Amino acid sequence: MSEFSLTPTELADFQRNGYAGPFTLYEPEEMAEHWSRQRLRLLDRSNAVYQDTEAISQGTNISNYDRHLDNEFLAEHIARPEIVHRVASILGEDVICWRSEFFPKHPGDEGTDWHQADTFANAGGEPQIVWDEDREYGGTITVWTAFTEANTETACLQFIPGTHRQMFYDETLGMHYDPEANQNKTKNGVARGFFGYDYRQLQIDPDWSPDESKAVSMEMRPGQFIVFWSTLMHASHGHLGKTQQMRMGFAGRYVPASVHVYPGLSEIHEYGGRISLENYGCVLVSGEDKFRRNRLLTHTTTGVPLGKS
């Protein structure tokens, strides 16, 4: 067991509920200092791996995928042992980080739809991660870090524990991107959307709806992170606008090194944008790459070493 591995009790809880945490990585004051500096540096996209102007869309800005490949702080963050040891205790020793994303919520923003993600074909229509057929699970381990306050008034995450073993959505059905039509739709009494999509279009049973009476709100202080299966039913509250501070979450996504990432794809088309994978690569954060199925990057675009810390 490594220093920050989940304990047997934590691992049993994770297998039952589909999530573990929150855990503290940075103290709130330390996180505030980091975010104050990094948000300015991130405005400079000259070294980002996705330069495509087509990537900038109305729903979510997919040009901001994978900024750990050019930003030194994020490069270190996705490989922090406090994160990686816990992820490896779930996935096994050989682990890659295949994506990172920002999830902002501005004052007044709607909540995020309830959803699950297995292959991440949900928005683009083509699988982005594919596990070997003999594996019990698909999906990815998501490590979501609160860079700012995340509570029920500023759009914290919501989970329905224990739902990670059954998919209620079929990602092959396809969703229609229409940010105007899909904004602030009321669902079970709550205004929600999915970055220009309506996630209900993927429901296996059109008449089904999630049992929100079992939902838990994952409030986190700045600098805390939570670990969960992407196949867990999850959503977010809306930002009530009682503060002018936005909520910013940063998600690192991890899979075993044996998983095929972006199989057969050279571009991603989703959320009304497009990015080329020409300069993309995964990052080995634990163990070895015995499979050599994915392109790995060892340095950021600015020459900072990536991976195991």
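**Group meeting: strands, salt bridges and backbone geometry in a predicted model**

Let me begin with one residue: Asp 113 lies in strand E3, residues 111-115. Helices (H or I, at least four residues) and strands (E, at least two) are DSSP runs, numbered from the N terminus. The model is predicted, so local features need pLDDT of at least 70 and side-chain atom pairs count only at pLDDT 80 or more, while totals for chains, interfaces and linings use all residues. Residues are numbered from 1 along each chain as its sequence is written, and side-chain values use heavy atoms, with hydrogens and water left out.

Is Asp 113 buried or exposed? Asp 113 is buried, because its relative accessible area is 2%; here buried means under 20% relative accessible area, exposed over 50%, and partly exposed in between, with a 1.4 Å probe and protein chains only. Leaving aside neighbours within four places in sequence, its contacts (heavy atoms within 4.5 Å) include Lys 187, Arg 192, Tyr 197, Asp 198 and His 234. Asp 113 also belongs to a network of salt bridges together with Lys 185, Lys 187, Asp 198 and Arg 200. By salt bridge I mean a side-chain nitrogen of Lys or Arg within 4 Å of a carboxyl oxygen of Asp or Glu.

How many salt bridges does a search of the whole structure find? The search finds 17, and I shall take three pairs in turn.

In the first pair, the side chains of Glu 212 and Arg 192 meet at 3.3 Å, N to O. This pair links distant parts of the chain, with Arg 192 in strand E8 (190-193) and Glu 212 in the loop between E8 and strand E9 (216-218), 20 residues apart. Arg 192 is buried, at a relative accessible area of 3%, whereas Glu 212 is partly exposed, at 23%.

Next, Lys 242 forms a salt bridge with Glu 153, the closest N and O atoms being 3.2 Å apart. Here too distant parts of the chain are linked: Lys 242 sits in the loop between strand E11 (234-236) and E12, Glu 153 in the loop between E5 and strand E6 (157-159), and 89 residues separate them. Lys 242 is exposed, with a relative accessible area of 61%, and Glu 153 is partly exposed, with 34%.

The remaining pair is Arg 16 with Asp 13, at 2.5 Å, N to O. Both residues lie in helix H1 (residues 8-17), 3 residues apart, about one turn of the helix. Asp 13 counts as partly exposed, at 29% relative accessibility.

I turn now to the sheet. Six strands form an open sheet in the order E1-E10-E5-E12-E2-E16, with antiparallel pairing; two strands pair if DSSP finds at least two bridges between them. The edge strands, each pairing on one side only, are E1 (19-24) and E16 (283-286). Between E2 (residues 95-105) and E12 (residues 247-256) there are 10 bridges, and Val 95 has Pro 256 as its bridge partner in E12.

Finally, some backbone details. In strand E1 we find Pro 22, and a cis peptide bond joins Gly 21 to Pro 22, with omega about 10 degrees. Ala 155, in the loop between E5 and E6, has a positive phi near 75 degrees and is buried, with a relative accessible area of 0%. Phe 195, in the loop between E8 and E9, has a positive phi near 55 degrees and counts as buried at 17% relative accessibility.
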